[in-house]
Amino acid sequence: MAITYPLSLPTVSGIAQIELRATNAVAYSRSPFTFAGQAHAYAGQMWQADVTLPAMNRASAEEWVSFLISLRGQFGTFLLGDPAGATPRGLAATLAGTPTVDGADQTGGTLDITGASRNKTNWLRAGDYIQIGTGSNSKLYKVLTNTDTDNSGECTVDIWPHIRTAHANGASIVTSNAKGAFRLASNETSWSVNEASIYGITFGAMEAL
């Protein structure tokens with residue numbers, strides 16, 4: 001059976017710890033004489049992550065080891081999200097609605113949405129995640145401000161990272177269990193085994209761009 005990307009994370013265990021990093025390409029220079037500084041923001045924005053798995057026996061660990069080796073270093077991709085942020089803090093977690101992208105050609109740090117629940121305060125709250133796209137086109141965005149919907153179920157959301165390539169008008173928006181496509185940060189896969197045959201596995205990841 002051929003391996004196709006992106007892969008889903010093994011379900012044999014959860015994640016013990018994840019460090020998520022929002023990386024921005026910003027050039028900053030400062031005068032050595034006056035200490036006055038100047039910053040210039042470039043377009044680059046990227047998710048990065050360091051993942052630590054719980055200690056586990058071989059039966060469980062081999063599922064993860066095989067998963068990681070199947071990625072062939074930085075070649076393959078997989079889907080990853082914030083395990084603690086799978087459920088929105090906002091009302092989108094419990095209210096009906098089929099939110100979609102409202103209008104083509106949207107790029108940058110805001111997104112117009114339609115099809116959400118109507119007249120809701122904090123439909124999404126700062127820190128929530130949304131996903132647009134599926135498979136290798138899955139993009140993970142973080143909501144930066146509390147967002148209310150109007151009487152038509154529409155709203156404008158401040159998000160990070162900025163939209164690089166416009167999503168299609170009407171593209172579905174996922175508000176629960178949002179994930180993005182990632183790849184390994186290194187071409188080397190490693191794991192440790194102690195004298196009690198307990199495995200330790202950690203790996204770095206970066207957004208697949």
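How much accessible surface does the protein have, and what share of this surface belongs to carbon and sulfur atoms? In the predicted model examined here, the accessible surface comes to about 11300 Å², and 49% of that area belongs to carbon and sulfur atoms. The C-alpha trace spans about 60 × 60 × 30 Å along its principal axes, and of the 209 residues of the protein, 36% count as buried. Among the contacts with a separation of 6 or more, 72% are accounted for by residues 24 or more positions apart.

The secondary structure comprises 1 helix and 13 strands. Read from the N terminus on, the elements run β-β-α-β-β-β-β-β-β-β-β-β-β-β, an order in which two strands precede the helix and the other strands follow it.

An open sheet is formed by 5 strands in the order 1-2-13-10-3, with antiparallel pairing. Its edges are strand 1 (17–30) and strand 3 (78–80), each of which pairs on one side only. On average, and with direction ignored, neighbouring strands of this sheet are turned by 45 degrees against each other. Strands of a sheet pair through backbone hydrogen bonds, in either a parallel or an antiparallel manner.

Within this sheet, strand 13 lies between strand 2 and strand 10 in the strand order. With strand 2 (residues 37–52), strand 13 (residues 202–207) pairs in the antiparallel sense over 5 bridges, and G204 of strand 13 is the bridge partner of D50. With strand 10, strand 13 pairs, again in the antiparallel sense, over 3 bridges, and here M206 of strand 13 is the bridge partner of R183. In a regular strand the side chains alternate between the two faces of the sheet. For strand 13, the covered face consists of F203, A205 and E207, while T202, G204 and M206 make up the uncovered one; the two bridge partners named above, G204 and M206, thus both belong to the uncovered face.

Helix 1 (residues 58–70) contains 13 residues and reaches 17 Å from its first C-alpha to its last, a span close to the 18 Å expected at 1.5 Å a residue. Its buried residues are S60, A61, W64, V65, F67 and L68. Seen down the axis of helix 1, these buried residues fall within an arc of 160 degrees, so they line one face of the helix. The face turned away from this buried side carries the exposed residues R58 and A59. The cover over the buried residues of helix 1 includes strand 3, strand 10 (180–184), strand 12 (199–200) and strand 13, and of these, strands 3, 10 and 13 are also members of the open sheet. Just after the helix, R72 takes a positive phi of about 55 degrees.

A further position considered is L140, which is found in strand 7 (residues 139–143). L140 counts as buried because its relative accessibility is 4%, where buried means under 20%. When residues up to four places away in sequence are not counted, L140 touches W47, L80, G81, Y129, I130, W160, P161, A178, K179 and G180. Among these contacts, W47 falls within the range of strand 2 (residues 37–52), L80 within that of strand 3 (78–80), and G180 within that of strand 10 (180–184). The C-alpha atoms of L140 and I159, which are 19 residues apart along the chain, are separated by 9.7 Å.

How values were computed: Residues are numbered from 1 along each chain as its sequence is written. This is a predicted model: local features need pLDDT of at least 70, side-chain atom pairs count only at pLDDT 80 or more; totals for chains, interfaces and linings use all residues. Side-chain values use heavy atoms; hydrogens and water are left out. Two strands pair if DSSP finds at least two bridges between them. Helices (H or I, at least four residues) and strands (E, at least two) are DSSP runs, numbered from the N terminus. Axes are lines fitted to C-alpha atoms, for helices over the stretch in contact, and angles run from 0 to 180 degrees between N-to-C directions. Buried means under 20% relative accessible area, exposed over 50%, partly exposed in between (1.4 Å probe, protein chains only). Contact means heavy atoms within 4.5 Å. The expected span of a helix is 1.5 Å times one less than its number of residues. The arc is that of the directions from the helix axis to the C-beta atoms. Accessible areas come from the Shrake-Rupley method with a 1.4 Å probe; for residues, only the protein chains shown count as cover.
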